[in-house]
Protein chains: 2
Amino acid sequence: MPTADRAAPTIVDVARAAGVSKSLVSLAIRGDAGVSEATRTRILAVADDLGYRSNVLARGLARGRTQVIGVLVSDLSNPYHADVVAGIESRADAAGLGTVIGHGQSDARILAARLDQMLDLGVDGVIVVSAMLDAAALDAAAARRPVVMVGRPFEQPRHVSVVRNHDERGASLALDHLHGLGHRRIVHLASSRRAAASARRHAYGEAMTRADLPSTTLWVDEGGVAALLAAAGTPAGPTACFAGNDRTAATLLHDALDAELAVPTELSIVGYDDAQIARQVRPGLTTVAQPREAIGREAARLLLARIDGDSDTVEVTLEPSLAVRGTTAAPC
Amino acid sequence: MPTADRAAPTIVDVARAAGVSKSLVSLAIRGDAGVSEATRTRILAVADDLGYRSNVLARGLARGRTQVIGVLVSDLSNPYHADVVAGIESRADAAGLGTVIGHGQSDARILAARLDQMLDLGVDGVIVVSAMLDAAALDAAAARRPVVMVGRPFEQPRHVSVVRNHDERGASLALDHLHGLGHRRIVHLASSRRAAASARRHAYGEAMTRADLPSTTLWVDEGGVAALLAAAGTPAGPTACFAGNDRTAATLLHDALDAELAVPTELSIVGYDDAQIARQVRPGLTTVAQPREAIGREAARLLLARIDGDSDTVEVTLEPSLAVRGTTAAPC
DNA sequence: AGAGAGTTCTGGAGCGTTCCAGTAGCGTTG
DNA sequence: CAACGCTACTGGAACGCTCCAGAACTCTCT
């Protein structure tokens, strides 16, 4: 219950009220060892009493550290991000650091502006949860503060640590599953030519080659869904589809059902991401799940280490897993 | 392209390089009138050249203003929030203010902690996009900085402006629509006893009374969905349901289809929010749409006014509209 | 008892800004 | 030409904190 009459109480007010110097208040509050137990409790009591809150701006200015990290997200409404952020926050909280989130509305320019803004605000480091920023922007930010990025960078920035999921392994999980069910004609439905998508596309190609099967990639923005549905009914048509992400997979599922194509019996579908939508569609979408919270925690861990001066940039890859639901079955 | 050799250049570096006093640099950069055009351009050129960025911490400390506002959301993955935040940001950007987002993981305690944290960071004001915080927490924050909340507060805080959608009107829209289609036995499916939900529930009751129809409210957490589905098949059972929000409506739709109950012919469903999910389910959900971006812009407008010292707290209500999709039809 | 070693505490400089009270220079005016 | 009023600029205090060198005090040891 802060008293907060007029202006917020400062460290000097606390010092005066406790009859000590402001330096000692500073030490006591930060838990420095060289303060006697008696005075410390007294000072803390007085501070609490006055409703004192240490001024982050002043501390940041004096120390060059604000104890706050920034998280830059390209798109708030992407539920993938929410889990990653939760992971970051849990780690940051544990280390006693605050977290602020910046939001770039899926626009690289806005994203870059927000990144600068957060750095201006004095955050101690930034985690970029977006693959939309180019290496130059990332490196410019990294020249100011430690930066860690989550996801697969389009081009590798030089001074930025990266945490990503193992898209190759994820694609293998999906294709092994389909192959194991008996599927042989499996097409890939790609959403865009962005980095994460292309990693999955390549992994698809390699896994198919490994299994000695022909690979076919269709693009959503080039009428791939319609082409796939048209082919799926025919004798030599595909019996399964590995989609680049869950949104694409959900669209396909939707349109397939509209076209009276039975899923999974006539067409099996596997998505990627294990987004919320994968559980909301009917039947539930079989999909590759990324360890989102773990990715967030790992990113935070790397950032904290770099803030503590520790280290050089690294790249960490985490293992995905497969969530089997209702859109996959043996071909009929 | 910042040079950024060692430490970031300060206003003093710029002053020295331009051969003027630091005060003049400060004035020039902030666009003060009393600086000759010649010196201003020279100073700005030098600043740009050195890659000077004004230190928000120092400015905040000296001025008591950081030019950054905070947005507190209860849940990142709620797509409703993303639109509101976009509206807030567009307004804040226009006013030259930065925006940081804090995230409370749908937990009132975390939410309150993040709120304090943002205030500690020195934001000039906060917009709370969540109905989970109690009046005491909001008022405590409002004692420090201007606070505007979006949504319907559980209890009315005293020093906080509120922007909300007109739940009563929204419920009327939904019920008029159903009534117009010929429905007479319309039940309400309520998700929780939170503020927004109870406003909708009351509005439902009143609209039904106005139309001289009996009202029945079922609760999701008390087996309401099952009860509703059981009754819906029977002769005197309900022919339509007005759900408290889209998530609830989607669950109902899902379970209805599972139970082989035809939607909309045997049961019409109207949701509330026009969330993403309303467009993703099949058939598309008829639902009440809130003007989300407008709500965000309005909230930012109110906050900026209060930051400029302008005003007393107000309450603004914006009009919802009805998005008619595939889950409503005349009863058969 | 004096030196040395802790322990606990203090005063002041400094972080990068803004703000305020001036000052310098110059043209106008009575 | 002294007084005045502008415009363009300056120096230093202040914002609230941290950090550092050192002061004051208490113990121990010789």
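These legends walk through close-up views of a predicted model with protein chains A and B and DNA strands C and D.

**View 1. Protein residues gather around DNA strand C.** Here we look at the 25 residues around DNA strand C, of which A:Ser21, A:Ser23, B:Ile11, B:Ser26 and B:Arg30 come nearest. Sorted by class, this surface holds nine nonpolar, ten polar and six charged residues. On the DNA side, 67% of the strand C atoms within 4 Å of the protein belong to sugar or phosphate, and the rest belong to bases.

**View 2. Polar atoms of both chains meet DNA strand C.** Start at the phosphate: one of its oxygens in DNA strand C lies 3.1 Å from a backbone N or O atom of A:Ser36. Turning to the bases, a polar backbone atom of A:Ala62 is 3.5 Å from a base oxygen of strand C. From the other chain, B:Lys22 places a polar side-chain atom 3.3 Å from a base oxygen of DNA strand C. The elements that give two or more residues to the surface near this strand are α2 (22–29) and α4 (56–63) of chain A, together with α2 (22–29) and α4 (56–63) of chain B. The largest share, four residues, comes from α4(B).

**View 3. DNA strand D has its own set of protein neighbours.** In this close-up, 23 residues surround DNA strand D, and the closest are A:Ile11, A:Ser26, A:Arg30, A:Tyr52 and B:Ser23. Sugar and phosphate make up 69% of the strand D atoms that come within 4 Å of the protein. The surface near this strand divides into eight nonpolar, ten polar and five charged residues. Helices α2 and α4 of chain A and α2 and α4 of chain B each supply at least two of its residues, and α4(A) gives the most, with four residues.

**View 4. Side chains from both protein chains meet DNA strand D.** Zoom in on A:Ser26, where an N or O atom of the side chain is 2.4 Å from a phosphate oxygen of DNA strand D. The side chain of B:Ser23 has an N or O atom 2.6 Å from a base oxygen of strand D. For A:Lys22, a side-chain N or O atom is 3.3 Å from a base oxygen of DNA strand D.

**View 5. Helices α1 and α2 of chain B cross.** Helix α1(B), residues 11–18, packs against α2(B) at an angle of about 105°, with the axes 8 Å apart. The two helices are therefore roughly perpendicular to each other. B:Ile11, B:Val12, B:Val14 and B:Ala15 of α1(B) meet B:Lys22, B:Val25 and B:Ser26 of α2(B). This contact has five nonpolar, one polar and one charged residues.

**View 6. Helix α2 of chain B also packs against α3.** Here α2(B) and α3(B), residues 37–50, pack at an angle of about 95°, with their axes 9 Å apart. That angle makes α2(B) roughly perpendicular to α3(B). From α2(B) come B:Leu24, B:Val25, B:Leu27, B:Ala28 and B:Ile29, while α3(B) brings B:Arg40, B:Ile43 and B:Leu44. By class, the contact has seven nonpolar, no polar and one charged residues.

**View 7. Chains A and B share an interface.** Chain B brings 38 residues to the contact and chain A brings 38 residues. Together they bury about 3,800 Å², with 59% of it on carbon and sulfur atoms. Look for B:Leu57, B:Leu121 and B:Arg282, which supply 18% of the area that chain B buries against chain A, more than any other three residues.

Technical notes. Residues are numbered from 1 along each chain as its sequence is written. Chains are lettered from A and ligands numbered from 1 in the order in which they are written. This is a predicted model: local features need pLDDT of at least 70, side-chain atom pairs count only at pLDDT 80 or more; totals for chains, interfaces and linings use all residues. Side-chain values use heavy atoms; hydrogens and water are left out. A residue is near a molecule or strand if one of its heavy atoms lies within 4 Å of it. A polar contact is a pair of N or O atoms within 3.5 Å; within protein, one must be able to donate a hydrogen and the other to accept it, and residues adjacent in sequence count only if both atoms are side-chain atoms. Ala, Val, Leu, Ile, Met, Phe, Trp, Tyr, Cys and Pro count as nonpolar, Asp, Glu, Lys and Arg as charged, and the others, Gly among them, as polar. Axes are lines fitted to C-alpha atoms, for helices over the stretch in contact, and angles run from 0 to 180 degrees between N-to-C directions. Angles under 35 degrees count as roughly parallel, over 145 as roughly antiparallel, 65 to 115 as roughly perpendicular and the rest as oblique. Contact means heavy atoms within 4.5 Å. Buried area is the accessible area (1.4 Å probe) that two parts lose on being put together, summed over both.
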